[in-house]
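Biologist: I would like to go through a model and ask how each label in it is justified. Could you show it to me?

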Amino acid sequence: MQGVSFETDVYTLDLQNCDMILGIQWLAKLKTIVCNYEEIWMAFLWQGQEVCIKGDKLVTVETIRVEQLNGLLCNTRLIAEISL
């Protein structure tokens with residue numbers, strides 16, 4: 001993950017909009033974690049080395065009307081990712 005190797009048991013889930021969910025069992029193994037939720041990063045010690053994992057920038061969510069959604073879906077020149 002971002003250049004650092006980790007070994008742990010994982011559960012597989014069908015995730016639509018993210019690569020991974022960090023479970024509390026794995027996070028507990030890291031002991032002390034420093035997080036900045038505004039800048040989307042977390043830092044911790046792993047095997048004596050300080051590691052900083054950075055998340056993707058937050059996507060702006062905007063509410064649209066059904067008519068606008070239909071317009072997006074009908075326009076073959078636009079590529080749109082839609083999460084309902």
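Modeller: What follows is a set of questions about this model, which is a predicted one.

Biologist: What pattern does the protein chain follow along its sequence?

Modeller: The pattern is α-β-β-β-α. That fits the count of 2 helices and 3 strands in the protein chain.

Biologist: How do you know that β1 and β2 are paired?

Modeller: Two strands count as paired if there are at least two bridges between them. Strand β1, residues 33-36, and strand β2, residues 41-46, have 4 bridges and run antiparallel. The pairing condition is therefore met. In this pairing, V34 stands opposite A43 of β2.

Biologist: What makes β2 and β3 a pair?

Modeller: The test again asks for at least two bridges. Strand β3 covers residues 49-54, and 6 bridges join β2 to β3 in the antiparallel sense. So β2 and β3 are paired too. Within this pairing, W41 has K54 as its bridge partner, and W46 stands opposite Q49.

Biologist: Which residues take a positive phi in the two hairpins?

Modeller: In the hairpin of β1 and β2, with 4 residues between the strands, I40 has a positive phi near 60°. In the hairpin of β2 and β3, with 2 residues between the strands, Q47 has a positive phi near 55°.

Biologist: Where is Y37, and why is Y37 called exposed?

Modeller: Y37 is in the loop between β1 and β2. Exposed means over 50% relative accessible area. Y37 has 69%, so Y37 is exposed. The C-alpha atom of Y37 is 9.4 Å from that of G55, and the two residues are 18 residues apart along the chain.

Biologist: Why is V51 called buried?

Modeller: Buried means under 20% relative accessible area. V51 has 4%, so the label applies. V51 lies in strand β3.

Biologist: What is V51 in contact with, leaving aside neighbours within four places in sequence?

Modeller: V51 is in contact with V4, M42, A43, F44 and W46. V4 is 47 residues away from V51 along the chain, yet their C-alpha atoms are separated by 7.9 Å.

Biologist: Which residues make up the largest nonpolar core?

Modeller: There are 8: V4, W26, L30, M42, F44, W46, V51 and I53. Strands β2 and β3 each supply at least two of these residues. The largest share comes from β2, with 3 residues.

Biologist: What does L30 touch, not counting residues up to four places away in sequence?

Modeller: L30 touches M42, F44, L45 and W46.

Biologist: How many aromatic pairs does the structure hold?

Modeller: It holds 1 aromatic pair. The rings are those of W26 and F44, with centres 6.2 Å apart and planes at 85°.

Biologist: What makes W26 and F44 a pair, and why is the pair called edge-to-face?

Modeller: Ring centres must lie within 6.5 Å to form a pair, and planes over 60 degrees apart count as edge-to-face. The centres of W26 and F44 are 6.2 Å apart, so the rings pair. Their planes are at 85°, so the pair is edge-to-face. The pair links distant parts of the chain: W26 is in helix α1, residues 24-29, and F44 is in strand β2, 18 residues apart.

Biologist: Are W26 and F44 buried or exposed?

Modeller: W26 and F44 are buried.

Biologist: How many disulfides does a search of the whole structure find?

Modeller: The search finds 0 disulfides.

Biologist: How do you know that C35 is not bonded to C52?

Modeller: A disulfide needs two cysteine sulfur atoms within 2.5 Å. The closest cysteine sulfur to that of C35 is in C52, 9.7 Å away, so they are too far apart for a bond. The distance from C52 gives the matching result, since the cysteine sulfur closest to C52 is that of C35.

Biologist: Why are C35 and C52 called partly exposed?

Modeller: Partly exposed lies between the limits of 20% and 50% relative accessible area. C35 has 33%, so C35 is partly exposed. C52 has 37%, so C52 is partly exposed as well.

Biologist: How many residues does the protein chain have, and what share of them count as buried?

Modeller: The protein chain has 84 residues, and 12% of them count as buried. Its accessible surface comes to about 8200 Å², with 54% of that belonging to carbon and sulfur atoms.

Key: Residues numbered from 1 in each chain as written. Predicted model: local features only at pLDDT ≥ 70, side-chain atom pairs only at ≥ 80, totals over all residues. Heavy atoms only, no water. Buried < 20%, exposed > 50% of the residue type's maximum accessible area, 1.4 Å probe, protein only. Areas by Shrake-Rupley, 256 points an atom, 1.4 Å probe, with all protein chains shown as cover. Phe/Tyr/Trp six-rings, centres within 6.5 Å; stacked < 30°, edge-to-face > 60°. Core = buried A, V, L, I, M, F, W, Y, C linked by side-chain atoms within 4.5 Å. Contact = heavy atoms within 4.5 Å.
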